[in-house]
Every structure is written in structure tokens, then in C-alpha cells.
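Visitor: Hello! Could you show me the structure and walk me through it with a few questions?

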2 protein chains.
Amino acid sequence: MTSDDSPNAPVRTVRADVRRNRARLIAAAREMFQRDGAGASLEGVARLAGVGIGTLYRHFPTRQDLLEALLADAYGELADRARELAESPSPGDALLEWLRAFVSGITAFPGMAAAAVVSLGGERGEASRPLREAAAVLFDRAGESGAVPPGTALGDVLRLAGGIATVTERDPEAADRLLSLAAAGMIPGAAAAPR
Amino acid sequence: MTSDDSPNAPVRTVRADVRRNRARLIAAAREMFQRDGAGASLEGVARLAGVGIGTLYRHFPTRQDLLEALLADAYGELADRARELAESPSPGDALLEWLRAFVSGITAFPGMAAAAVVSLGGERGEASRPLREAAAVLFDRAGESGAVPPGTALGDVLRLAGGIATVTERDPEAADRLLSLAAAGMIPGAAAAPR
DNA sequence: ACCTGAACACCGTTCAAGT
DNA sequence: ACCTGAACACCGTTCAAGT
């Protein structure tokens, strides 16, 4: 899962200490972000990892890059969960259950959900591709079964769930309520077209 | 609207220059936030307002206080709009239309929607009371007409709309799509109960 | 090739002195 | 009663020197 075996990547090019520094930085970031949120001091992260601040910047040029390294782990687990739930005989319920896991999985600390929304909507979207591919299977089955309104885009569903996660970071019960509300519809009969 | 004529407030206690400084700070903040987002330099705001940084802190002890002063204006307009729409013969459509105005009204600059979610969910909630009261009339009529599912709380509807605003700050078309999706329901038939 | 950390720039916040 | 801005603390980011 963490191996980078692309065909033409130079073999044995990554020194052991480089790998180790990267792993230490990610572990330190996880700990710091969980304590202080996504805005935690990067100097503190480097200190906790036992490396210089320059090494942090070399591995992760921006804070978002560091956050996406943490998100990649969460995305992996959520992709697994999506593959499991894709077997469900009730695709609509399965999609909703997965969306609950998604919201919960991207709110490990304040600011994580906002970073997830950026990474999901980003141009490159490297980190989130496995997640989106696994979710697409689940989403398409729900669509085929008629559980999702025609014309609905997965990207919009993920963004809406990301928005719910963003505003309920410290309140898991509210997250469940808002997700149920958005799933069932706030105003089911209203005219959908703007203006 | 901006007069503070509470019964036992000391009359003539607010010096003209104090009022003027406050107004200048708000105007400067609006300009700076629109240019740089809600994280704009507070020193820059003070400089643009032509006052010392200490004066900014005296008037607005926290950045959120300054943001809420801007939000109060937006809330006033949205309260007016809610009162107009409360006359509508189609309460469900009126509520959805107002929610569009709400999302649009709290996304004048990046970070405004997040501040709105804080102010709407806050304990004191001074700034947002007029908004919530006017919205409640509209919301209750929609509920009585059956347009809103029984048991739905206005606070949850506002928070959900705030979440949509937060993740679509730079993309008004996405805001419309997500609002339509949440209004109609992402998965209308799914089991609503968590677990 | 990678790491280190000093150096620089910038900002938030407080508070003693002034009016 | 309010205003000012110097002073302090802290953090992000770069990059010359070292291994």
C-alpha cells in the first residue's frame, strides 16, 4: 500500500533514512494535529519527529501536502469499506452508511475535513483517487437501484458530505443528524431549479 | 438599526470619535477581508482604518468579533428577505429560495461562512438573533405546509446550509447544486436512523 | 542527495505612556 | 475614557553550510 513500485521508478533510490524521516514526520504530524488541530506548529511537528524544520519542508512543501499524507491513510480504509459495502443487497442504505463512515473518517481533528474537501476537489487529486474509485462503484449501484436521484454527481455528494463534516467537527451527533437530513431531503417537494 | 437605545444605557456616553473609529474599522475590515479573506492581517485593517492596532483590539477583542460585525449587516438584509418571503403562497419554495440567499449572503469572502457557522451555533448568538427569528417564521410556515419533514430543527437546516456555503465559497454554481441536492435528498429512500 | 538550523520576515497581542 | 505604537513572543519559510 505504501510501496512506490511504478515501472520506471529507479530501484533502490530511496535511502532508508529518508523513508524513516518521512514516516516519523507523518506520525508526529498525526499526534500534533490531533492535539492542536490542522494549524499546529510545523516547527513542533519537526521537533517531535526529531528532524530539522528544513527536512519537513523538503518532504512536504506545504501544510496541505502533510495533511494529505494523513488523509491518504484514511482514504485507504474508506476505500476498503466502500468495497465491502458494494456487496450489500440494499445499495441506498449502503451508500448512506458509507457516507457516515466517510464523515467520521475525515474528522479525526479540526481542520482535517477542510483539507479533505480541498484534496477531493483538487486538480491532481492523487491521494483521493483510490477513494473516489471505490466510492464510485457503491454510488453507481445506488444509482442503478434508483436510490439516488438521476443526474446526481458523486463529486457533489462527496462535497456535501465534506461540508457536513466541516461544520460538525466537534459534534458527531450533529454530523449524523445533518447527514440524515441531507439524505432524506430538507424540503423534498420544493422546486429544484434556482431562480 | 445601528442605534443602541436600550432603556438603561447611559445617554450620550459614546463619544463621536469612538463611533467613527468603530465604523472605520468595520469598513476597513470589509475591504481587507474581501481582498485577502478572513485571515487578512489585522495590522493592515488598523492601518487602512487610520487607527492604532490597540484601538482595533479595544473595539474587537477577537477576529471573530470583527467578523460578526460584518455578519450582522448581512444578517439584517437576510432577515428582511425572510420577512418578505414569509408572505409567499408556496412556503417550501420560499424557504429554499431564502436558503439560496443565505448561502450567497454569507460568502462575500473566504472564511466568512465559517465565521457564520460559529456565530449561528454560538452560545451568546447576539448578532444572529434577528436572522434566526425572521427565519423561524419562514421555516415554521414551511413546516406547517408539510414541505419540511416533521422533527426537523431550524438550527440543523442553517448549519447544513452553512456547511454548503463553507465548501463552495469560490463556486456559486456548486452552491446551487449542493443546495438543490440537500433540499431534494441525496438518498431519499434510505433508512434514516444511524447504525 | 539529503539534512540542519540560523536568519529573515511577518504577524498577533499586550500594555505603559500619552491625550 | 480612549488612543497609540513600541515591545515581546511566536511562527513560517528559505538557504548556505555541512555530511
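Visitor: Which atom of DNA strand D does a polar side-chain atom of Tyr57(A) lie close to, and at what distance?
Guide: Glad to help, and keep in mind that this is a predicted model. A polar contact needs two N or O atoms within 3.5 Å. The polar side-chain atom of Tyr57(A) meets that cut-off with a phosphate oxygen of DNA strand D, at 2.8 Å.

Visitor: Which residues come nearest to DNA strand D?
Guide: There are 17 residues around this strand. Sugar and phosphate make up 68% of the atoms of DNA strand D that come within 4 Å of the protein. The nearest residues are Tyr57(A), Arg63(A), Asn21(B), Gly52(B) and Thr55(B).

Visitor: What is the distance from a base nitrogen of DNA strand D to the side chain of Glu43(A)?
Guide: The bases of DNA strand D take part in contacts too: one base oxygen is 3.3 Å from a polar backbone atom of Gly54(B). For Glu43(A), the partner is a base nitrogen, and the atom on the protein side is an N or O of the side chain. That distance is 3.2 Å.

Visitor: Which element gives the most residues to the surface near DNA strand D?
Guide: Four helices each supply at least two residues: α2 (42-49) and α3 (53-59) of chain A, with α1 (16-36) and α3 (53-59) of chain B. By class, this surface has seven nonpolar, six polar and four charged residues. The element that gives the most, with five residues, is α3(B).

Visitor: And which element gives the most to the surface near DNA strand C?
Guide: Around DNA strand C, the nearest of 17 residues are Asn21(A), Gly52(A), Thr55(A), Tyr57(B) and Arg63(B). Two or more residues each come from α1 (16-36) and α3 of chain A, and from α2 (42-49) and α3 of chain B. The largest contribution is five residues, from α3(A).

Visitor: How far is a polar side-chain atom of Glu43(B) from a base nitrogen of DNA strand C?
Guide: Let's take the phosphate contacts before the base. A backbone N or O atom of Gly52(A) lies 2.8 Å from a phosphate oxygen of DNA strand C, and a polar side-chain atom of Tyr57(B) also lies 2.8 Å from a phosphate oxygen of that strand. For Glu43(B) and the base nitrogen, the distance is 3.3 Å.

Visitor: How many residues apart in sequence are the parts that Arg81(A) and Glu97(A) tie together?
Guide: These two residues form a salt bridge, with their closest N and O atoms 3.0 Å apart. Arg81(A) lies in helix α4 (residues 63-85) and Glu97(A) in helix α5 (residues 91-105) of chain A, so the pair ties together parts whose separation in sequence is 16 residues.

Visitor: Is Arg159(A) buried, partly exposed or exposed?
Guide: Arg159(A) and Asp171(B) meet in a salt bridge, 3.5 Å from N to O. The pair crosses between chains, from helix α8 (residues 154-167) of chain A to the loop between α8 (154-167) and α9 (172-184) of chain B. Buried means under 20% relative accessible area and exposed means over 50%. At 23%, Arg159(A) is therefore partly exposed.

Visitor: About how many helical turns separate Glu84(B) and Arg81(B)?
Guide: Their side chains meet in a salt bridge, 2.7 Å from N to O. Both residues sit in helix α4 (residues 63-85) of chain B and are three residues apart, so the separation is about one helical turn.

Technical notes. Residues numbered from 1 in each chain as written. Chains lettered and ligands numbered in written order. Predicted model: local features only at pLDDT ≥ 70, side-chain atom pairs only at ≥ 80, totals over all residues. Heavy atoms only, no water. Near = heavy atom within 4 Å. Polar contact = N/O pair within 3.5 Å; in protein donor to acceptor, adjacent residues only side chain to side chain. Nonpolar A, V, L, I, M, F, W, Y, C, P; charged D, E, K, R; others polar. Salt bridge = Lys/Arg side-chain N within 4 Å of Asp/Glu carboxyl O. Buried < 20%, exposed > 50% of the residue type's maximum accessible area, 1.4 Å probe, protein only.
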